[in-house]
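Please open the structure in a viewer and keep the sequence panel visible. The tour below proceeds by selections, each followed by a short account of what is found there.

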Amino acid sequence: MRTEGILNFINSNSETNLQPPSSDLMRNTGRETQSGEAIYDVPFNLIKTNENALQPREETHRHDAAHYARKTHVAQLRKPLLDPKKDLDPIVIAWAKDETTATNTGYSWVVVDGHHRLQAYRTTTGRKTIPAILFEGSPTEIVLRSISENNRDKLAMTPKEKLSTGWSIFVAMAGKKRQSVTVQDLGISRGSVQNFRKQFRLIAADIA
């Protein structure tokens, strides 16, 4: 997740109708989450990703500790899927522009939460669909949900990743109400928010 990616996502979706298309290609399982959200079985080919805007963890192709931690996490998620009767917690998807087209005009069901779970399903033999919640909200609400989701079987964010996502939301909500409150609700301290404010003023002064 990058600040530029978040801003591009919010701006590119802000003037469009995000009303999702028909869900005929999905199967309503008849089950719901504890908060009352319907759970669907969604084919993999309907789902895209936009990790620059909707992946709070810093993805890396370097063979470092974080890289291997993610590989191990996906492998752990895959184990219960060997039983065809078992599923992981549903991922969250939203209808939005994805990053797979050069002009960024393509619309898809984009992963809001559950990138590693999707990878686990896609690399498990015999799995063609994944349980998912269809989230409807503004572009900013979509980004906020991608950060704040805290389902089970989830790889914890590092302090650096939490601070980075907090800064991204602070910048994305510049001039909007509840900017500081929203960032603190993500687990960012008041002192860090004050530092964000000072840094933002310095950047704005440099631009001016």
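The tour begins with the whole chain and then moves to individual helices and residues.

**The whole chain**

Please note at the outset that this is a predicted model. Display the chain as a cartoon and colour it by secondary structure. The protein has eight helices and six strands. Followed from the N terminus, the elements come in the order α-β-β-β-α-α-β-β-α-β-α-α-α-α. Next, colour the chain by accessibility: 44% of the 208 residues count as buried. How far apart in sequence are the residues that meet? Among contacts between residues at least 6 apart in sequence, 69% join residues at least 24 apart.

**Helix α1 and helix α5**

Select residues 3–14, which form helix α1, together with residues 139–148, which form helix α5. These two helices pack at an angle of about 145°, and their axes are 8 Å apart. Show the side chains at the contact. From α1, the residues to display are Ile6, Phe9, Ile10, Asn13 and Ser14; from α5, they are Pro139, Thr140, Ile142 and Val143. By class, this contact of α1 with α5 consists of six nonpolar residues, three polar residues and no charged ones.

**Phe9**

Now centre the view on Phe9, which lies in helix α1. Is Phe9 buried or exposed? Its relative accessible area is 3%, so Phe9 counts as buried. Leaving aside residues up to four places away in sequence, Phe9 touches Asn50, Ala53, Leu54, Ala96, Lys97, Pro139, Ile142 and Val143. Select Pro139 from this list and draw a distance between the two C-alpha atoms. Phe9 and Pro139 are 130 residues apart in sequence, yet their C-alpha atoms are 7.1 Å apart in space.

**Helix α1 and helix α6**

Keep α1 in view and add helix α6, residues 159–172. The axes of α1 and α6 come within 9 Å and cross at roughly 40°. The two helices are therefore oblique to each other. In this crossing, which is right-handed, α1 passes α6. On the α1 side, select Thr3, Ile6, Leu7 and Ile10; on the α6 side, select Trp167, Ser168, Val171 and Ala172. The contact of α1 with α6 divides into six nonpolar residues, two polar residues and no charged ones.

**Helix α6 and helix α8**

Hide α1 and display α6 beside helix α8, residues 190–207. Their axes are 11 Å apart, and the helices pack at an angle of about 55°. That angle makes α6 oblique to α8. Here too a right-handed crossing is found, with α6 passing α8. Which residues of α6 and α8 meet? Leu163, Gly166, Trp167, Phe170 and Val171 of α6 meet Ser192, Val193, Phe196, Arg197, Gln199, Phe200 and Ile203 of α8. The contact of α6 with α8 has eight nonpolar residues, three polar residues and one charged residue.

**The aromatic rings**

Within this contact, show the rings. How many aromatic pairs does the whole structure hold? A search finds six. One of them joins Phe170 and Phe196 in a tilted arrangement, with 5.8 Å from centre to centre and 55° between the planes. Phe170 lies in α6 and Phe196 in α8, so the pair ties together parts that are 26 residues apart in sequence. Both Phe170 and Phe196 are buried. Extend the selection to Trp167 and Phe200: with Phe170 and Phe196, these residues form one aromatic cluster.

**Arg178**

For the last stop, select Arg178, which lies in the loop between α6 and α7. Is Arg178 buried or exposed? Its relative accessibility is 55%, so Arg178 counts as exposed. Inspect the backbone at this position as well. The phi angle of Arg178 is near 60°, a positive value in a residue other than glycine.

Note on methods: Residues numbered from 1 in each chain as written. Predicted model: local features only at pLDDT ≥ 70, side-chain atom pairs only at ≥ 80, totals over all residues. Heavy atoms only, no water. Phe/Tyr/Trp six-rings, centres within 6.5 Å; stacked < 30°, edge-to-face > 60°. Helix = DSSP H or I, 4+ residues; strand = E, 2+ residues; numbered from the N terminus. Buried < 20%, exposed > 50% of the residue type's maximum accessible area, 1.4 Å probe, protein only. Axes fitted to C-alpha atoms, helices over the stretch in contact; angles between N-to-C directions. Parallel < 35°, antiparallel > 145°, perpendicular 65-115°, else oblique. Left-handed = near helix turned anticlockwise from the far one by under 90°. Contact = heavy atoms within 4.5 Å. Nonpolar A, V, L, I, M, F, W, Y, C, P; charged D, E, K, R; others polar.
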